[in-house]
Amino acid sequence: MSRYKKVTTDLNFVPREEKVLEFWNENHVFEKTIEKNKGKEPYTFYDGPPTANGKPHIGHILTRVIKDIIPRYRVMKGYDVLRIAGWDTHGLPVELEVEKELGLDGKKQIEEYGVEPFIAKCKESVWKYKSEWERMSERVGYWADMEHPYVTYDNTYIESEWWALKKIAEQGLLYKGHKVVPYCPRCGTALSSHEVAQGYKDIEEKSATVRFALKDKPGVFILAWTTTPWTLPSNLALCVNLDVDYAAVSNGSETLIMASKNWSIKEEFKGGDLVGLHYEPLFAFQPKAVGKGADKAWVVVHDDYVTTEEGTGIVHMAPAFGEDDARVCRKFG
């Protein structure tokens, strides 16, 4: 007699899945998969842990399922895979949630409330939906040790991070540099691109087209486009795309350089022909502010991120304000 039950042809997936989960739990199947490969060749899979102060949603379910596939496959191939669940207990989202709960607004009010009591509240908050995360993880068949997780606010975890950073520094792999990041004056802290994206929305805004006078070419101007005119005092370069067609357009008294459109065109050339041209700074104070580096600035550079979908095909570069601006200006010294 067969030890396997006949698979029914109905489509009641939920009871079937629940029976499988029950079988796994009763027979400690997950634990057995860990034991059977102990001591064999290790395979490390880094899974960014969730924050349990927000409810899991369909996006989390999708990522948990996909992240489960790879360690399962490697276990089946005979590797010793460390599969420990974790909780991310740091970060601005946790603090913002607690601020709302306490009716606080900004860094000053947090300090008045007391930093230590605020941290204690944050530590409470991070476990708000822990049981829901565990239920979701079990229900989708996500295999990880939920009984002994790593927690990022534990001293053991923090000290292991310090240890790793020390080792990296000792090997000369750290360097000091500059990076352009968004800053929140209300929170009194820099923001990651992920945190900024949480409040992302499409808006309509005004843009400006600015004339930059070419050096030693009287009456010839490059037209650059910007949606951030307040950054113009920080301008250090203009950026073109090597593969875009540009034109010199004349209105009789002056010549304007921009991407080719339906104009009465005086001359056509590629972006590469403009690279290296110097232009006059917009403001008289700029060369003094830049100092010794002034001879390198106010020059046409190039990068593939420049397009002709909007504007003139020439981008004003303010490396103190834009991530791409900083990257391109650094590339050209």
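**Notes on salt bridges and one helix end**

1. Let's start with aspartate 105, which counts as partly exposed at 47% relative accessibility. Here buried means under 20% relative accessible area and exposed over 50%, with partly exposed in between (1.4 Å probe, protein chains only). Please keep in mind that this is a predicted model, in which local features need pLDDT of at least 70 and side-chain atom pairs count only at pLDDT 80 or more, while totals for chains, interfaces and linings use all residues. Residues are numbered from 1 along each chain as its sequence is written, and side-chain values use heavy atoms, with hydrogens and water left out.

2. What does aspartate 105 pair with in a salt bridge? Its partner is arginine 186, at 2.6 Å from N to O. The aspartate sits in the loop between helix H4 (92-102) and helix H5 (107-113), and the arginine in the loop between strand E5 (183-184) and strand E6 (189-190), so the salt bridge ties together parts that are 81 residues apart in sequence. Arginine 186 is partly exposed too, with a relative accessible area of 33%. For your scripts, helices (H or I, at least four residues) and strands (E, at least two) are DSSP runs, numbered from the N terminus.

3. The salt-bridge criterion is a side-chain nitrogen of Lys or Arg within 4 Å of a carboxyl oxygen of Asp or Glu. With that rule, the count is 16 salt bridges.

4. Helix H5 offers a pair within one element: lysine 108 and glutamate 112 are four residues apart there, separated by about one helical turn. The closest N and O atoms of their salt bridge are 3.2 Å apart. Lysine 108 is exposed at 60% relative accessible area, and glutamate 112 is exposed at 57%.

5. Helix H8 (residues 155-170) holds lysine 167 and glutamate 170, three residues apart, or about one turn of the helix. Their side chains form a salt bridge with an N to O distance of 3.9 Å. Lysine 167 is partly exposed, at 35% relative accessible area.

6. One group to look at as a set is Asp303, Asp324, Arg327 and Lys331, which a network of salt bridges links.

7. Finally, a residue outside the charged pairs: which residues does leucine 102 touch, leaving aside its neighbours within four places in sequence? They are Tyr113, Phe118 and Lys121, where contact means heavy atoms within 4.5 Å. Leucine 102 lies in helix H4 and is partly exposed, at 25% relative accessible area. Its C-alpha atom is 9.2 Å from that of lysine 121, 19 residues apart along the chain.
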